[in-house]
Amino acid sequence: MKEAEQGQFKKTFERMVNEVVSTRRCCGCSMCVVTCPYGVIKYDPVSMSPYVAKPKGGFAYCPISEEVGCDVCANACGRLGSECMKPIKPEEIDVRVFGRSRREDEPYGVMRFMCVVRSTNSNVVTNAQDGGAVTEILRCAFNEGIIEGAAVAGPSDKMWLDPVPRVVKSADELIQTAKSWYTYCATPMALKEAVDKHKLKKLALVGVPCEISGYATTLGADTNFTTADRGEKNIEKQNRHLKQYVEAVQVTLGLFCSETFVFERFVYEYLQGKLGINPQDVVKVNVKGKLIIDLKDGARIEAPLAEAKAYKRAQCNYCGDFSAEHADISAGGLGTAGWTMLIIRSVRGEEILKRTIEKGYLQVKPVSEFEHSMRLLKRLTETQRKRAEEQYREFR
Ligand SMILES: Cc1cc2nc3c(=O)[nH]c(=O)nc-3n(C[C@H](O)[C@H](O)[C@H](O)COP(=O)(O)OP(=O)(O)OC[C@H]3O[C@@H](n4cnc5c(N)ncnc54)[C@H](O)[C@@H]3O)c2cc1C
Ligand code: SF4
Ligand code: SF4
Ligand code: SF4
């Protein structure tokens, strides 16, 4: 009660469902599902949100939360803060990931340095989204024994345009999972599969900012945050379950992102219905001030980005993080024409990138050669933070 009086509330399953999921502010990152120690919640890949698999009460009722004490999921949710109807503050997550919060002279979040890179392998450059940096950092991490698996996105069996969470277990498989899908793909679900099913212990996680911040929220978390009267066994089980995912991740690679599109509407209503594209023919989608769609036969179709924005997920309006502010390394292709811009934020991110460059996987340019891209980064970062602030203002 004392907490509530101060405007600080415990993070509970009930709050997560009522304040995040049912208000459509849930980004769909799936971290609550990944970290649930009892399999109570599952992930619906169509609505992109969690649901109680075998409901024994109302929509917001979890028997373990109410009867045993748990709420691990709520403490892994980046969109649930300790203030009512507010997300966890980015500065709070900074401390968990980097040991300190961002300084005033760090406009893009905590960082060590920036650079612009491109793969030295022409096959990767041809088949990646921008400069192939993400693919090459993962390739180096596999070859150097830093990771034994990576949680990424990849095409489904249905068609290239339909992304699914994918566990990659060797450097050779990476190229099939390169490029960007502009519809949502909950890559933390691949982290779950890698740990639970494949028993992998050293992993990389690739994701859009909300997925990386979701993962980062669990860092340093201890299930003692929930009620103390759960009994030793339950506390131990919950801690063990949570930590196996936290500790398996050796590096996180975040992708710049300002929105994703609703799959059915974007693919069938827009690409197929309005632009007359057969979805089965698409081999790449890019956003460079406009929408660029590459087809199997080599044809390229361009359309105004403003048109595609009509298919944006409403959930993205609550997102103020453009540059994956809690990743070890963030990557984007802001006007860098065939190169990838990187923001290196952590010591382990710096070590992995340096190794990737030393081993010859990447060529590097200083960011000072990309003034226009830096201006774009500043503008998009500010616009996105403002967008989220405005959305949350309605709850004040
Ligand atoms: C939804 C989305 C929006 C983006 N918006 C911008 C933007 O506005 N401005 C900008 O500069 N950059 C944006 N990016 C990042 C950009 O498209 C590239 O991913 C980035 O520049 C890295 O390029 P690369 O050639 O190094 O990556 P690659 O070597 O091609 O590797 C890309 C990696 O991203 C993974 N991936 C692809 N799609 C998804 C997805 N939907 N969810 C999770 N992982 C995925 C792949 O599995 C692969 O591991 C966006 C990316 C995504 C997925
Ligand atoms: S409270 Fe615990 S058991 Fe219930 S959904 Fe959340 S993590 Fe799962
Ligand atoms: S953890 Fe992610 S998927 Fe789960 S409720 Fe929060 S935002 Fe939604
Ligand atoms: S804009 Fe934000 S919420 Fe939307 S997909 Fe990108 S990172 Fe997630």
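This is a short tour of the structure, stop by stop, with something to select at each one.

**Stop 1: the whole protein**

Start with everything on screen. You are looking at a predicted model. Show it as a cartoon. The protein has 15 helices and 13 strands. The radius of gyration is 21 Å, close to the 21 Å that the globule rule gives for 396 residues, so the protein is as compact as a globular protein of that length. Now turn it along its principal axes. The C-alpha atoms fill a box of roughly 60 × 50 × 40 Å. How many of the 396 residues count as buried? The share is 48%.

**Stop 2: ligand 1**

Select ligand 1 and show the residues around it. There are 33 of them. Ala 128, Val 134, Thr 135, Val 152 and Gly 332 come nearest. Next, color by element. Four elements give two or more residues each to this shell: helix α8 (133-143) and the strands β4 (149-155), β6 (203-207) and β11 (329-332). Which of them gives the largest share? That is α8, with 3 residues. Now color by class. The shell around ligand 1 has 18 nonpolar residues, 13 polar ones and 2 charged ones.

**Stop 3: ligand 2**

Move to ligand 2. Select Phe 13, Cys 36, Tyr 38, Val 40, Ile 41 and Cys 62. Add Ile 64, Ser 65, Cys 70, Asp 71, Val 72 and Cys 73. Together these residues surround the ligand. Two helices, α4 (63-68) and α5 (72-75), are the elements that give two or more residues to the shell. By class, the shell around ligand 2 divides into 10 nonpolar, 1 polar and 1 charged.

Keep Asp 71 selected. Where in the chain is Asp 71 found? It sits in the loop between α4 and α5. Check its backbone. Phi is near 60 degrees, a positive value in a residue other than glycine. Is Asp 71 buried or exposed? Asp 71 has 25 C-beta neighbours inside 10 Å, so it counts as buried. The cut-off for buried is 20 or more.

**Stop 4: Lys 199**

Select Lys 199 next. You will find it in the loop between α9 (188-196) and β6. Its phi is also positive, at about 55 degrees, although Lys 199 is not a glycine. Now look at its surroundings. Lys 199 has 9 other C-beta atoms within 10 Å, so it is exposed. To count as exposed, a residue may have 12 or fewer.

**Stop 5: helix α12**

Go to residues 263-274, which form helix α12. Select Phe 263, Phe 266, Val 267 and Leu 271. These four are buried. Why do they lie on the same side of α12? They cover an arc of only 85 degrees around the axis, which puts them on the same side. Now select Glu 264, Tyr 268, Gly 273 and Lys 274. These are exposed residues on the face of α12 turned away from its buried side. Step just past the end of the helix. There, Gly 276 takes a positive phi of about 70 degrees.

**Stop 6: an open sheet**

Select strands β8, β9 and β10. These 3 strands form an open sheet in the order β8-β9-β10, with antiparallel pairing. Which strands are at the edges? They are β8 (282-287) and β10 (300-304), and each pairs on one side only. The twist averages 20 degrees from one strand to the next. Zoom in on β9 (residues 290-295) and β10. They pair over 5 bridges. To see one bridge, select Ile 293 and its partner in β10, Ile 301.

**Stop 7: strand β12**

Finish at residues 340-344, strand β12. How many of its 5 residues are buried? The count is 5 of 5. In a regular strand the side chains alternate between the two faces of the sheet. Select one side of β12: Thr 340, Leu 342 and Ile 344. Then select the other: Met 341 and Ile 343. Both faces are covered.

Now look for the pairing strands. One is β3 (residues 113-119), which pairs with β12 in the antiparallel sense over 5 bridges. Here Cys 115 has Leu 342 as its bridge partner. Another is β11, also antiparallel to β12, over 4 bridges. Select Ile 329 to see it stand opposite Ile 344 in β12. You have met β11 before: it gives residues to the shell around ligand 1.

Conventions
Residues are numbered from 1 along each chain as its sequence is written. Chains are lettered from A and ligands numbered from 1 in the order in which they are written. This is a predicted model: local features need pLDDT of at least 70, side-chain atom pairs count only at pLDDT 80 or more; totals for chains, interfaces and linings use all residues. A residue is near a molecule or strand if its C-beta atom, placed from the backbone, lies within 6 Å of it. Ala, Val, Leu, Ile, Met, Phe, Trp, Tyr, Cys and Pro count as nonpolar, Asp, Glu, Lys and Arg as charged, and the others, Gly among them, as polar. The arc is that of the directions from the helix axis to the C-beta atoms. Two strands pair if DSSP finds at least two bridges between them. Axes are lines fitted to C-alpha atoms, for helices over the stretch in contact, and angles run from 0 to 180 degrees between N-to-C directions. The radius of gyration is taken over C-alpha atoms; the globule rule is 2.2 Å times the number of residues to the power 0.38.
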